[in-house]
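These are my notebook entries on one structure. I wrote each one after looking something up.

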Amino acid sequence: MKSFDMLINAADVKGHINREIYGHFSEHLGRCIYNGIYVGEDSPIPNIHGIRKDIVEAFRQIKLPVLRWPGGCFADEYHWRDGIGDKSKRKKMINTNWGGVTEDNSFGTHEFMELCELVGCEPYIAGNVGSGTVHELSEWIEYITSDCVSPAADERRRNGREKPWKLKYLGIGNENWGCGGNMDAEFYSGVYKQFQSFCKDHSGNHLFKIACGPSGSDYNWTEVIMKKLRNPANMWTADGISLHFYSIPDWNNKGHALEFTEDEYKVLLNTVNFTDELITRNKEIMNRYDPEGKIALIVDEWGTWFDVEEGTNPGFLYQQNTMRDAIVAAISLNIFNRHCDRVKMANIAQIVNVLQAIILTEGEKMIKTPTYHVFDLFKEHQEGECVYCWHENENTADGLNVPMISSSASVKDGVMTITAANCSLHDEAEISCTICGFDAKAASARILTGEVHSHNDFDTPDTVHIDPYAAEITNGVLKIKLPACSVVEVTVK
Ligand code: AHR
């Protein structure tokens, strides 16, 4: 057992935690959409217009706030008109990025917007810049959001949707330094400004435009983009820039999702903890060009990426999910909370059956992964005020950055939420937390814990689950014990 002092000062507010920090990402990749979220109207699996009911319910339970679609790399080869109208007449195409499989376009704009309506989340559309045209993207926005008489809005009406939808988040391309066109930062900045100029606000809709930001630590990309994002009248042309960072210590040997050593666990956590430095350095650059903090940092792809499960299509990126992934998620979400002054959205990759998924499916079966449960434990941070939270810590790996404890705290409607992870695989942590600036009378807690390899599968879907847990407050001091390899949510009133 190791003891740690902790201090939370609710009077010291660090920033507002946008609910979108708890966002997700769905791509036409493997079984994320087809045979995942979308099974088709004729499926025996209970569905609403082809969208699985059990999945919608699971998303609602964690208050899923925003969903990014249709890619990823797929976005820059997606032509939205192929995915509207009579399904039997929709064009088929090859999904060149992901397994070369046939994409029949049966899940398109109307299906995605209906999914978001069912879940109650904001849609976030990534537009095609790499292989699309300015006109195509401009018409997509008009098709979705315009209430006027126009060719695109009339086409939407003919396709069964009288009223426009609201669309807030729009990405202008995806990874345009790579699969989205292999552009350099200078060239992309010009292309960005041209495309975004024709993505208009129609009928009271207001777009929040996101430019492609760096891959990981390509700080030069951030520098150039920030320098060039203003127009000749010195006005910002974007509301945010994206950042993609996957926790992959070695791209040539990503490792096994279920079988790993303690050393591999620590190397992975060292990579995850680098997220903090990455955001800090990107913020430093952004602060120089935008001291007022007008431009948001949108971490719209993050998570673990292991070798695909044996026997599955290598292009489908299907991997299992253990308590290790839960710890990764907890560390990442605590980091995003702590940087909520600039990080306004984050989207884990990807929501169902792909990479660090929160849901896995097999036929009619559906399981919630340990990562899903972390989103459940953290959901009360959404729209809270992030407050000062400090604790003693200990590095658990020589030569690496693997602190034993990760935490963050927020206050909303007179309730404090504290989330903490004990990343040690051996030692229990006893936390003694002084709470100031808040009348802390009572505490309750929930816990996710287990041996680091434990996971849920289709025969034992509930091996890793949330349990109620003990926490007590005496004279404003919270006492709680965190078992090795655990994630805890504490609610203080
Ligand atoms: O999430 C898988 C892929 O990773 C996305 O399509 C792409 O944007 C990133 O490289």
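**Entry 1: a loop and a positive phi**

I began with Leu317, which lies in the loop between β12 (296-304) and α8 (323-338). The model I am reading is predicted. I looked up the backbone angle phi of Leu317 and found a positive value of about 50°, although Leu317 is not a glycine. Then I asked whether Leu317 is buried or exposed. Its relative accessibility is 7%, so Leu317 counts as buried.

I looked up Glu383 as well, and its phi is near 70°, again a positive value in a residue other than glycine. Glu383 has its place in the loop between α9 (370-378) and β16 (385-391). Glu383 has a relative accessible area of 26%, so I noted it as partly exposed.

**Entry 2: cis peptide bonds**

Next I went through the peptide bonds. Which residues does the cis bond with omega of about 5° join? They are Trp69 and Pro70. I found Pro70 in the loop between β5 and β6.

I wrote down another cis bond, the one from Gly71 to Gly72, where omega is near 25°. Gly72 is placed in the loop between β5 and β6.

**Entry 3: the disulfide**

I needed a reminder before looking at cysteines. A disulfide is a covalent bond between the sulfur atoms of two cysteines.

How many disulfides does the structure hold? I noted one. Cys73 and Cys179 form this disulfide, and their sulfur atoms are 2.2 Å apart. The angle about the S-S bond is -85°, and the link of Cys73 and Cys179 is left-handed.

I then looked up where the two partners are. Cys73 is in the loop between β5 (66-69) and β6 (93-95). Cys179 is in the loop between β9 (169-172) and α5 (185-197). The two cysteines are 106 residues apart, so I wrote that the pair links distant parts of the chain.

I checked how far each partner is covered. Cys73 has 13% relative accessibility, which is under the 20% cut-off, so Cys73 counts as buried. Cys179 has a relative accessible area of 35% and is partly exposed.

**Entry 4: cysteines without a partner**

I looked up Cys386 and found that it is in no disulfide. Which cysteine has the sulfur nearest to that of Cys386? The answer is Cys340, at 4.5 Å. A disulfide needs sulfur atoms within 2.5 Å, so this distance does not qualify. Cys386 is buried, with a relative accessible area of 2%.

Cys433 is in no disulfide either. The nearest cysteine sulfur belongs to Cys389 and is 6.6 Å away. I noted Cys433 as buried too, because its relative accessible area is 0%.

**Entry 5: the ligand**

I turned to the ligand and asked which residues are around it. The list I copied out holds Phe25, Glu27, Gly72, Cys73, Trp98, Asn174, Glu175, Tyr246, Glu301, Trp305, Gln350 and Leu355. Two names were already in my notes: Gly72 from the cis bond and Cys73 from the disulfide.

I looked up distances to oxygen atoms of the ligand. From an N or O atom in the side chain of Tyr246, an oxygen atom of the ligand is 2.7 Å away. For Glu301, the distance from a side-chain N or O atom to an oxygen atom of the ligand is 2.7 Å. For Gln350, a polar side-chain atom lies 3.0 Å from an oxygen atom of the ligand.

How much of the ligand's area does the protein cover? On its own the ligand has 280 Å² of accessible area, and the protein covers 93% of that. I also recorded that the space taken by the ligand is the largest pocket.

**Entry 6: one serine and one aspartate**

I looked up Ser408 and found it in strand β17 (residues 405-412). Ser408 has 1% relative accessibility, so it counts as buried. The side chains of Ser408 and Asn337 are joined by a polar contact of 2.9 Å.

My last item was Asp459, in the loop between β20 (443-449) and β21 (466-469). Is Asp459 buried or exposed? I wrote exposed, because its relative accessibility is 67%. I also looked up Asp459 against Thr419: they are 40 residues apart in sequence, and 30 Å apart in space from C-alpha to C-alpha.

Methods. Residues numbered from 1 in each chain as written. Predicted model: local features only at pLDDT ≥ 70, side-chain atom pairs only at ≥ 80, totals over all residues. Heavy atoms only, no water. Helix = DSSP H or I, 4+ residues; strand = E, 2+ residues; numbered from the N terminus. Buried < 20%, exposed > 50% of the residue type's maximum accessible area, 1.4 Å probe, protein only. Near = heavy atom within 4 Å. Polar contact = N/O pair within 3.5 Å; in protein donor to acceptor, adjacent residues only side chain to side chain. Areas by Shrake-Rupley, 256 points an atom, 1.4 Å probe, with all protein chains shown as cover. 1 Å grid on protein atoms, 1.4 Å probe; cavity = no way out; pocket = protein on both sides within 12 Å on 5 of 7 lines; lining within 4 Å. Sits in = over half its atoms within 2 Å of the grid points.
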